[in-house]
Amino acid sequence: QEAMHMKLYYYPLSTYSQKVLLAFHEKDVPFTAVVLYPGDPQQRAELQKLTPLGKVPLLVLDNGWKVPESTTIIEYLDTHAGGPRMIPADLDLARQTRFHDRLADLYVNEPYRTVAREPDPARVAAARERLDTMLGGLDNHLANRTWVMGDSFTLADCAMIPPLLQYGSAHPITRFEHVSAYFARAMERPSVMRVRREVEAFAAKAAS
Ligand SMILES: N[C@@H](CCC(=O)N[C@@H](CS)C(=O)NCC(=O)O)C(=O)O
């Protein structure tokens, strides 16, 4: 089934936005970009008119459908937009991919965000502990894999790469040999390079 015309509301420095952008670029699917900063009260009000969640990313289709939540947006793309699948067709592989997507969002991205932004030292310490556990597990997992699910780049990589890219300096991955090699491979991937270029251009514009 053909994808409708798609408008993606996102913020370039948001890791969940980057996650969805990776899937768009992997699939080479065209979309209209609407850059919104949810931290700005006026832009947030505009976003809240579209979704009570008030969060980016948000996909809006020309039939009026609104698709919030990064994972759900990528599921929509898999069903309607063609290109390489981000969630394998095999049901067991699909479940494992979703499991790694949950791990990346809830237990890597969220603690990274806490470490980078939270002022409370006790919460930061707990988040660092969580990150060490998660990155240690990921390191073992990646010892004999190119991407999180093996040879194919999937939803799990779309979720795992942005927090490492955005917040890596706040809790370095250098101690984790296989995670570091994975990250280096990711940096060579055209979809990741495209997201990175946009992040850098946006940050440079914001600083000027
Ligand atoms: N579970 C959501 C998380 C989205 C999210 O947390 N977005 C952040 C930016 S990375 C946001 O819009 N925050 C604004 C707010 O929560 O007010 C997803 O996967 O899309």
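Me: Let's start with Glu75: is this residue buried or exposed?

Reply: Somewhere in the middle. Its relative accessible area is 25%, so it counts as partly exposed. The labels hang on two cut-offs: under 20% is buried, over 50% is exposed, and partly exposed is what falls in between. Keep in mind that this is a predicted model.

Me: Which residue does Glu75 form a salt bridge with?

Reply: The general idea first: side chains of opposite charge can pair when their charged atoms come close. Here, Glu75 pairs with Arg98, and 2.9 Å separates the closest N and O atoms. This one ties together distant parts of the chain, as Glu75 belongs to helix α3 (residues 70-80) and Arg98 to helix α4, 23 residues apart. Arg98 is partly exposed too, since its relative accessibility is 35%.

Me: How many salt bridges does the count come to?

Reply: Twelve. Take the one between the side chains of Lys19 and Asp101, at 2.8 Å from N to O. That pair also links distant parts of the chain: Lys19 sits in helix α1 (residues 15-27) and Asp101 in helix α4 (residues 91-117), with their positions 82 residues apart.

Me: Are Lys19 and Asp101 buried or exposed?

Reply: Lys19 has a relative accessible area of 1%, so it is buried. Asp101 is buried as well, with its own value at 1%.

Me: What about a salt bridge inside a helix: where do Glu110 and Arg113 lie?

Reply: Both are in helix α4, and the three residues from one to the other make about one turn of the helix. They form a salt bridge in which the closest N and O atoms are 3.1 Å apart. For exposure, Glu110 comes out at 27% relative accessible area, so it is partly exposed. Arg113 is partly exposed at 26%. Elsewhere, salt bridges with shared partners join Lys19, Asp101, Arg102 and Asp105 into one network.

Me: On to the ligand. Which residues surround it?

Reply: Arg113 turns up again, along with Ser14, Tyr16, Pro38, Arg44, Lys55, Val56, Pro57, Glu69 and Ser70. As for where it sits, the space the ligand takes is the largest pocket.

Me: How do I read the polar side-chain atoms around the ligand, say that of Lys55?

Reply: Look for the distance from an N or O atom of the side chain to an atom of the ligand. For Lys55, a polar side-chain atom is 2.7 Å from a ligand oxygen. Ser70 has a side-chain N or O atom 2.6 Å from an oxygen atom of the ligand. With Arg113, the distance from a polar side-chain atom to a ligand oxygen is 3.4 Å. You can also ask how much of the ligand gets covered: taken alone it exposes 510 Å², and the protein buries 80% of that.

Me: And Ser14, where is its place?

Reply: In the loop between β1 (6-10) and α1. Ser14 is buried, given its relative accessible area of 13%. Its side chain makes a polar contact of 2.7 Å with the side chain of Ser17.

Me: One more kind of distance: how far apart are the C-alpha atoms of Leu50 and Lys66?

Reply: This time you compare spacing in 3D with spacing along the chain. The two C-alpha atoms are separated by 7.9 Å, while the residues are 16 apart along the chain. Leu50 lies in helix α2 (residues 41-50). Its relative accessible area is 23%, so Leu50 is partly exposed.

Conventions
Residues are numbered from 1 along each chain as its sequence is written. This is a predicted model: local features need pLDDT of at least 70, side-chain atom pairs count only at pLDDT 80 or more; totals for chains, interfaces and linings use all residues. Side-chain values use heavy atoms; hydrogens and water are left out. A salt bridge is a side-chain nitrogen of Lys or Arg within 4 Å of a carboxyl oxygen of Asp or Glu. Helices (H or I, at least four residues) and strands (E, at least two) are DSSP runs, numbered from the N terminus. Buried means under 20% relative accessible area, exposed over 50%, partly exposed in between (1.4 Å probe, protein chains only). A residue is near a molecule or strand if one of its heavy atoms lies within 4 Å of it. A polar contact is a pair of N or O atoms within 3.5 Å; within protein, one must be able to donate a hydrogen and the other to accept it, and residues adjacent in sequence count only if both atoms are side-chain atoms. Accessible areas come from the Shrake-Rupley method with a 1.4 Å probe; for residues, only the protein chains shown count as cover. On a 1 Å grid over the protein atoms alone, a cavity is a set of points where a 1.4 Å probe fits but cannot get out, and a pocket is an open set with protein on both sides within 12 Å along at least five of seven lines; lining residues have an atom within 4 Å of a point. A molecule sits in a cavity or pocket if more than half of its atoms lie within 2 Å of its grid points.
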